[in-house]
Amino acid sequence: MRLTFVLAALAFAGGACQEAPAAPPKPAAPAPARPRSKDVSAEDYVMPTLPRAHVRLKDAYGGVHRVEVEVAATGESRTRGLMWRKVLSAGQGMLFIFPDEEVRGFWMRNTLIPLDMLFITSEGRVVGIIENAEPRTLTNRTVGIPSQYVLEVPGGWCQKNGIVRGGTAEFEGVSTIPIMP
């Protein structure tokens with residue numbers, strides 16, 4: 001009986017002494033981050049947040065269309081523009097502001113979507129429009145007339161909204177944005 005008692009005690013003790021659960025595995029160390037590009041035209045370049053404003057454009061029928069814009073007023077932001085964007089919604093755009101008025105030319109390298117480009121004088125007159133500029137091209141697009149502003153909107157937007165050469169543009173929230181060369 002004593003032997004049975006000892007065996008029962010050992011069995012009981014053995015059942016009570018289960019192995020401790022294994023420690024959860026340690027998470028793998030994250031891969032070292034690849035340094036971000038310093039090339040403003042590179043896809044992985046991180047652009048600082050741009051100021052926002054509005055442009056009011058008068059159409060051929062007297063109506064007004066308000067576009068919410070990101071403002072590119074530095075050399076870096078003007079160079080980057082809308083590169084690598086996959087979508088630009090109707091009513092959205094980018095306003096390029098230059099320190100002075102001169103003939104401007106734009107290309108679409110690394111721009112993935114078609115755009116309409118409106119060239120606007122310092123007085124707010126639309127002196128030319130390039131519609132549906134073909135993406136990913138190096139073709140120089142110019143209207144050959146001096147402008148201080150260029151507004152980029154989704155391709156086809158100008159035709160859809162009756163925006164034509166000779167119309168006017170008014171800027172809201174732009175006067176306090178510093179313009180850098």
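**Exercise 1. Find the element that gives the most to the lining of the largest pocket, and say how many residues it supplies.**

Solution. The helix α2 gives the most to that lining, with three residues. Keep in mind as you look around that this is a predicted model. Next, place the helix: α2 covers 75–80, and along with β3 (92–103) it is listed as supplying at least two residues of the lining.

**Exercise 2. Describe the largest pocket by its space, its central residues and the classes in its lining.**

Solution. Start with the space, which comes to about 260 Å³. Then go to the middle: 16 residues line the pocket, and those closest to its centre are Arg 78, Thr 79, Phe 96, Phe 106 and Trp 107. Last, sort the lining by class: you get eight nonpolar, four polar and four charged residues.

**Exercise 3. Work out whether Asp 39 is buried, partly exposed or exposed, and trace what its side chain touches.**

Solution. First find the spot: Asp 39 sits in the loop between α1 (2–16) and β1 (52–58). Now take its relative accessible area, 39%. Buried would need a value under 20%, and exposed one over 50%. The 39% lies in between, so Asp 39 is partly exposed. Its side chain makes a polar contact of 2.9 Å with the side chain of Ser 41. For a look further along the chain, try Glu 76: it is 37 residues away in sequence from Asp 39, and their C-alpha atoms are 9.7 Å apart.

**Exercise 4. Do the same for Asn 110, and find the residue that ties it to the previous exercise.**

Solution. Asn 110 belongs to the loop between β3 and β4 (115–120). Its relative accessible area is 11%. That is under the 20% cut-off, so Asn 110 counts as buried. Setting aside neighbours within four places in sequence, you'll find Asn 110 in contact with Ser 41, Met 83, Trp 84 and Arg 136. The link is Ser 41: its backbone oxygen lies 3.2 Å from a polar atom of the Asn 110 side chain, while the side chain of Ser 41 meets that of Asp 39.

**Exercise 5. Step back and sum up the whole chain.**

Solution. Count the elements: there are three helices and seven strands. Reading from the N terminus, they go α-β-β-α-β-β-β-β-α-β. Then check burial: 38% of the 181 residues count as buried. For the surface, the chain exposes about 11,100 Å², with carbon and sulfur atoms supplying 57% of it. Finally, take the contacts between residues at least 6 apart in sequence: 69% of them join residues at least 24 apart.

Key: Residues numbered from 1 in each chain as written. Predicted model: local features only at pLDDT ≥ 70, side-chain atom pairs only at ≥ 80, totals over all residues. Heavy atoms only, no water. Helix = DSSP H or I, 4+ residues; strand = E, 2+ residues; numbered from the N terminus. Buried < 20%, exposed > 50% of the residue type's maximum accessible area, 1.4 Å probe, protein only. Contact = heavy atoms within 4.5 Å. Areas by Shrake-Rupley, 256 points an atom, 1.4 Å probe, with all protein chains shown as cover. Polar contact = N/O pair within 3.5 Å; in protein donor to acceptor, adjacent residues only side chain to side chain. 1 Å grid on protein atoms, 1.4 Å probe; cavity = no way out; pocket = protein on both sides within 12 Å on 5 of 7 lines; lining within 4 Å. Points joined across faces, edges and corners; volume = space filled by probe spheres on them. Nonpolar A, V, L, I, M, F, W, Y, C, P; charged D, E, K, R; others polar.
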